[in-house]
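Q: I would like to learn how to read a model of this kind, going from the whole chain down to single residues. Could we take the features one by one?

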Amino acid sequence: MTAIRETGRRLVASNRRARHDYAILRTYEAGIVLIGNEVKSLRAGHASLAGAFVQEDDGELMLHGLHIAEYGFGRRGLRSEPRRTRKLLMHRSEIDKITGRLADAGVTLVPLSLYFQDGWAKVEIALARGRRSFDKRQAIAQRDADLEMARELSDRLRGRRRRRRA
């Protein structure tokens, strides 16, 4: 009997707060080094990106603050710390580009999502610049205006008229 390989992309955890707090400049996909039963725990969906961040350390990218809960059915010897620092796997040229951009003022690396791509655990990280509170309000207002325009356009294409609210 052969093992069936998982295909496609399956989301495990996402960092919605990062998209709100930061203006995303560029996204990258990175592999992640896992030990013991962490893969089984991820497949069960027991992970959180809340408070996670990426730092450059001796030419390598390290993910800090990712919480992967202990796998309840695993051997005790294979268990690891839930919030340990994990190494990210990327090509050297990509790491060099990222570290070059991190030298700019106000630019940081944030994890956006954790997922399985064709059976491999991946992290989507982004070069981002922090938003100020008025930038956040402008982004929310712009999103609401775009949504309202899309609704109006959809209704007009369908031949319906919306009532204006007083």
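Q: About how much area does the protein chain expose, and what percentage of it do carbon and sulfur atoms supply?

A: Bear in mind that this is a predicted model. The protein chain exposes about 11400 Å², and 49% of that area is supplied by carbon and sulfur atoms. Of the 166 residues in the protein chain, 32% are buried.

Q: How many helices and strands does the protein chain have, and what pattern do they follow along the sequence?

A: Secondary structure can be read as a count and then as an order. The protein chain has four helices and nine strands, which appear along the sequence as β-α-β-α-β-β-β-β-β-α-β-β-α. Among contacts in the protein chain with a separation of 6 or more, 68% join residues 24 or more positions apart.

Q: Is Ser41 buried or exposed, and what is it in contact with beyond its neighbours within four places in sequence?

A: Ser41 belongs to helix α2, which covers residues 38-43. Ser41 counts as buried because its relative accessibility is 0%, and buried means under 20%. Apart from neighbours within four places in sequence, Ser41 is in contact with His46, Ile68, Ala69, Glu70 and Tyr71.

Q: Which ring has Arg9 over its face, and which ring lies under the charged end of Arg43?

A: Arg9 lies over the face of Tyr115, 3.7 Å from the ring centre, while the charged end of Arg43 is placed over the ring of Phe116, at 4.3 Å from its centre.

Q: How many aromatic pairs does the structure hold?

A: The structure holds zero aromatic pairs.

Terms used:
Residues are numbered from 1 along each chain as its sequence is written. This is a predicted model: local features need pLDDT of at least 70, side-chain atom pairs count only at pLDDT 80 or more; totals for chains, interfaces and linings use all residues. Side-chain values use heavy atoms; hydrogens and water are left out. Rings of Phe, Tyr and Trp (its six-membered ring) pair if their centres lie within 6.5 Å; planes under 30 degrees apart count as stacked, over 60 as edge-to-face and the rest as tilted. A charge sits over a ring if NZ of Lys or CZ of Arg is within 6 Å of the ring centre and within 35 degrees of the ring normal. Helices (H or I, at least four residues) and strands (E, at least two) are DSSP runs, numbered from the N terminus. Buried means under 20% relative accessible area, exposed over 50%, partly exposed in between (1.4 Å probe, protein chains only). Contact means heavy atoms within 4.5 Å. Accessible areas come from the Shrake-Rupley method with a 1.4 Å probe; for residues, only the protein chains shown count as cover.
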